[in-house]
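Here is a walk through one protein model, for anyone who likes to follow strands and side chains by eye. Open the structure alongside and keep the sequence handy.

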Amino acid sequence: MDTDAVFQSYAEIELPERLRDSLALFLRLERSVLRDYDPHICDLFDRLLNSVIHANEGDPGGTAAGEETDAQGVPTGDEPSAAAFRDAVALIDGLSLDDAQVVVRAFTSFFHLANLSEEHYRVETLLERERAVSIDAAVDPTNELTVAYDQLVRELGGGPATQLLSTLEFHPVFTAHPTEARRRAVEGKIRRISRLLADHANLGGSALVENERHLLQEIDALVRTSPTAAKKPTPIEEADTIIDIFDNTLFDTVPEVYRRFDDWVLGEYAGSVPPVCPAFFHPGSWIGSDRDGNPNVTAKVSREVAAKFATHMVQALERKCRRVGRNLTLEAEHTKPSDELLNLWNHQVEMSEVLTSRASAISALEPHRAVMLVMADRLGATVRRNADTMYRSADEFLADLRVVQRSLAQAGAPRAAYGPVQTLIWQVETFGFHMVEMEFRQHSLVHERALADIREHGIHGELAPMTREVLDTFRAIGSIQKRYGEKMAHRYIISFTKSAQHVADVYELANLAFAHAEDVPALDVIPLFEQLEDLEGCVDVLDEMLELPAVQARLAQTNRRMEVMLGYSDSSKDAGPTTATLALHSAQARIAAWAEAHDIDLVLMHGRGGAVGRGGGPANRAVLAQPKGSVNCFFKVTEQGEVIFARYGNPLLARRHIESVAAATLLNSAPSVERLNTETTERYADMAATLNRASHERYLDLLNTEGFAPWFSTVTPLTEVGLLPIGSRPAKRGLGAQSLDDLRTIPWVFSWSQARINLAAWYGLGTACETLGDLELLQRAYREWPLFTTFIDNIEMSIAKTDGRIAKMYLALGDREDLARKVYDEMQLTRRWTLAIVGDAWPLEHRHVLGRAVRVRNPYVDALSLAQVRALRVVRAQQEELAEEEKAELLALILSTVTGVSAGLQNTG
């Protein structure tokens with residue numbers, strides 16, 4: 001089977017030509033690599049690919065429901081796609097473990113290449129759209145931020161729109177949850193292949209031959225590289241994920257976002273007058289500071305991670321400052337320095353004659369250049385902690401930059417002032433000296449136990465190790481604040497906040513950790529409401545919080561700004577996706593009303609994951625669907641797992657994502673958007689109540705069925721996912737529970753996605769729609785109500801990545817026909833209703849590129865799923881008989897398929 005034959009098999013799927021060309025190129029190169037490796041493996045790859053492609057012809061998701069199956073869940077009918085599916089199963093079952101492992105690697109590596117193809121297509125399409133925009137157009141339709149600002153100006157007027165813009169803030173918080181199944185070694189290869197693909201279409205002759213030779217070299221290495229790391233990363237190693245994204249995209253891309261906005265709004269004056277766009281992007285991080293259930297994150301680790309971030313950040317600023325300084329070759333005769341700049345130079349001379357003499361020797365007649373070079377040297381001294389010449393804070397460095405900027409502007413060199421110097425100012429305003437704002441998190445129960453321990457034994461008594469660690473955590477926060485500034489570590493989140501006492505506990509522990517009150521760090525203690533009952537009672541807790549003296553004192557320091565976090569993950573696992581979505585929306589509306597009544601500057605933090613079952617989906621559409629008063633030009637959200645690399649790994653796509661989310665954050669305050677969200681929420685309240693009640697009952701009926709928890713761990717790779725070395729966090733919180741309550745939401749969602757069922761995203765919705773029984777009403781709500789539109793679209797995305805036939809094979813791993821039937825029937829019911837509401841014949845039909853891309857990749861995912869379920873079947877059935885060596889080989893195969901399926905499905909965690 002050659003590459004052309006493969007794409008002829010996809011004849012019914014209308015792929016854009018550019019995307020098809022990239023996929024064909026990679027498939028041709030991958031098959032070449034496999035032939036070189038072992039012709040037998042290439043033959044197996046071809047035969048398996050042929051079978052799974054034919055198995056996906058037509059609408060297998062729709063026909064699977066009525067198919068008869070054997071004891072293993074394999075269809076037994078004569079329908080051509082069912083026969084092809086059986087061929088694929090037989091081929092997988094006949095492979096030796098060694099061959100299966102290599103074939104799995106081959107399919108996994110192709111997923112990475114397919115993802116690159118789609119990314120490349122998105123980038124090229126965006127560039128094509130940008131090239132088509134006239135510079136005389138009123139707005140740039142490819143820059144959503146300019147479109148949003150223009151709409152605000154039209155609805156509110158220039159003054160109010162500018163005021164809203166000045167308060168804009170997008171605060172993504174990067175977390176280290178174990179959903180990124182891809183190794184960093186693999187990421188490096190993917191980046192290099194991406195660059196080669198970008199060049200490929202523009203080359204010919206020898207250059208094209210060399211490009212393909214290099215591609216073959218990288219793909220060969222990709223296939224031969226184990227998809228799983230040898231060990232779990234430490235929290236300190238996890239910090240490299242953020243540093244990698246910072247170096248490759250954020251540091252240069254974020255100021256480019258600001259600049260693009262200024263270019264459009266200021267037109268010909270851009271870069272020669274003070275900027276309009278504020279530095280609104282402020283990243284945070286839980287890496288090395290989120291200790292909820294993760295014993296690997298200690299006070300010592302937090303200090304080390306903080307040092308790692310800050311050192312890298314200041315070094316980046318030093319390099320940039322030196323580069324900008326070296327280019328400021330403006331002679332004093334023609335660009336006269338201001339008195340303020342000369343005073344700064346004199347201050348530098350007094351501080352260090354060594355640094356200034358070196359700078360003046362290089363730039364004797366170029367005072368702006370000399371001052372900037374000394375500033376760069378001072379940044380180097382900051383890294384080395386040289387007390388004589390170091391900067392004490394980012395604000396001090398920023399003040400010096402503004403002196404240089406003002407001097408250049410006054411001297412008639414505004415393009416230097418508002419060009420490169422402004423870019424550096426934006427970078428400092430965005431990242432400070434800290435790079436990311438670290439956020440600490442711990443479970444409320446841990447605080448309760450620590451206080452009980454202290455009350456029993458005294459602060460200087462024989463305390464439990466966890467109590468000492470809790471106290472050391474506050475000391476670490478104090479140390480980080482003194483060394484790197486308050487911005488780097490002032491947020492403390494309480495998981496499972498049940499009462500205001502839990503907030504009071506944190507303040508009490510912080511005070512107990514220090515002998516002197518002046519050493520206690522400034523803290524914003526943030527309640528996290530994540531279970532259904534907590535979301536329903538959150539306003540009562542907030543009322544009680546306001547009565548705490550410590551909270552009142554902190555509000556006075558922050559101009560009454562308060563952060564509240566909502567957990568999408570646990571609420572969804574606790575109550576089901578439909579109920580969780582509605583409960584979260586209601587909680588946001590009630591918290592927003594509470595904040596307005598108490599003159600609170602509210603910041604809602606959204607604890608969302610990448611998967612739909614954890615609040616995933618397009619962030620910009622989610623922002624636009626938020627209730628009135630719940631955004632207030634400030635959007636804060638967790639970015640987790642593979643979502644970080646997908647959204648921020650490519651500079652152009654990172655730029656687009658930031659612009660898109662910022663635009664939605666700004667636009668949420670437009671009167672038309674506020675009115676639409678409020679009116680439609682009220683209009684469909686009765687419908688929502690019916691859906692909520694029916695879906696919740698259906699969901700709880702499943703979870704409360706006797707024996708559900710062990711059955712779940714049997715029919716999914718839950719146990720094996722916990723062994724995958726993809727994050728420092730354990731799969732369980734370790735607080736003593738022995739049921740699903742103890743299981744973290746991430747492995748709950750991850751395991752269902754691996755089984756191609758995605759239950760966490762949709763279970764209960766089909767029954768709810770059936771109970772309502774009014775398709776016309778549901779379709780109208782889908783058209784009119786932003787929240788419902790976003791919810792249904794995310795459900796459809798999740799359903800598109802399920803597979804009815806493979807789901808039956810996983811469900812057959814258990815011995816509970818009643819549970820299997822509940823899950824499968826609900827999956828088919830939800831599929832039927834979702835497609836009817838959207839008006840699609842098959843999932844994502846109306847999404848021209850995405851829908852077809854998912855259909856193209858599904859056969860490849862199927863091949864890996866079949867390998868995974870085969871290995872799980874052997875492990876489950878022969879647990880006692882298997883030799884340890886064979887168990888280890890099967891586990892290695894399962895773990896390899898997990899990373900491959902993750903790459904294929906993309907938003908899995």
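Two strands count as paired here if DSSP finds at least two bridges between them. With that in mind, take β1 and β8 in this predicted model: 6 bridges join these two strands, and they run parallel.

**The barrel**

Zoom out and you'll see where that pairing belongs. The model has a closed barrel of 8 strands, in the order β1-β2-β3-β4-β5-β6-β7-β8, with parallel pairing. On the β8 side of β1, Pro-172 stands opposite Val-637. On the other side, β1 (residues 169-174) pairs with β2 (residues 284-285), again in the parallel sense, over 2 bridges. Phe-174 has Ser-285 of β2 as its bridge partner.

How many of the residues of β1 are buried? The count is 6 of 6, so the strand is mostly covered. In a regular strand the side chains alternate between the two faces of the sheet. For β1, one side carries Glu-169, His-171 and Val-173, the other Phe-170, Pro-172 and Phe-174, and both faces are covered.

Further round, helix α23 (residues 538-546) lies across β5 (524-529) and β6 (561-567). The helix runs at about 160 degrees to β5. Cys-538 is buried, at 0% relative accessibility.

**Helix α15**

Now have a look at helix α15 (residues 367-384). With 18 residues at 1.5 Å a residue, α15 should span 26 Å, and its end C-alpha atoms are indeed 26 Å apart. Is α15 mostly enclosed or open? Of its 18 residues, 16 are buried, so the rest of the structure largely encloses it. Right after α15 comes Arg-385, with a positive phi, near 60 degrees.

**Salt bridges**

The structure holds 55 salt bridges. Three of them are set out below.

| Pair | Closest N to O | Relative accessibility |
|---|---|---|
| Asp-377 and Arg-358 | 3.3 Å | Asp-377 12%, Arg-358 42% |
| Glu-439 and Lys-636 | 2.6 Å | Glu-439 0%, Lys-636 0% |
| Arg-683 and Glu-784 | 2.9 Å | Arg-683 46%, Glu-784 29% |

Take the pair that involves α15. The side chains of Asp-377 and Arg-358 meet in a salt bridge. Asp-377 sits in α15 and Arg-358 in helix α14 (residues 353-362), 19 residues apart. Asp-377 is buried, whereas Arg-358 is partly exposed.

Then there's a pair in the barrel strands, where Glu-439 forms a salt bridge with Lys-636. Glu-439 belongs to strand β3 (residues 437-443) and Lys-636 to strand β8 (residues 634-639), so the bridge ties together parts that are 197 residues apart in sequence. Glu-439 is buried, and Lys-636 is buried too.

The last pair in the table joins two helices. Arg-683 and Glu-784 form a salt bridge. Arg-683 lies in α30 (residues 671-683) and Glu-784 in α37 (residues 775-784), so this one connects parts that are 101 residues apart in sequence. Arg-683 is partly exposed, and so is Glu-784.

Beyond simple pairs, there's also a network of salt bridges that links Glu-130, Glu-256, Arg-260, Arg-655 and Glu-659.

**Cysteines**

A disulfide is a covalent bond between the sulfur atoms of two cysteines. How many disulfides does the model have? The count comes to 0, with a pair of sulfur atoms needing to be within 2.5 Å to qualify. Why does Cys-277 not form one? The closest cysteine sulfur, in Cys-633, is 13 Å from the sulfur of Cys-277, which is too far for a bond. Cys-277 is buried as well, at 3% relative accessibility.

**Around Ala-662**

To finish, find Ala-662 in helix α29 (residues 651-667). Ala-662 is buried, with a relative accessibility of 0%. Which residues does Ala-662 contact, leaving aside its neighbours within four places in sequence? They are Leu-145, Leu-168 and Phe-280. Ala-662 also makes a nice example of chain parts brought together: Leu-165 is 497 residues apart from it in sequence, but 9.9 Å apart in space, C-alpha to C-alpha.

How values were computed:
Residues numbered from 1 in each chain as written. Predicted model: local features only at pLDDT ≥ 70, side-chain atom pairs only at ≥ 80, totals over all residues. Heavy atoms only, no water. Helix = DSSP H or I, 4+ residues; strand = E, 2+ residues; numbered from the N terminus. Contact = heavy atoms within 4.5 Å. Axes fitted to C-alpha atoms, helices over the stretch in contact; angles between N-to-C directions. Expected span 1.5 Å × (residues − 1). Buried < 20%, exposed > 50% of the residue type's maximum accessible area, 1.4 Å probe, protein only. Salt bridge = Lys/Arg side-chain N within 4 Å of Asp/Glu carboxyl O.
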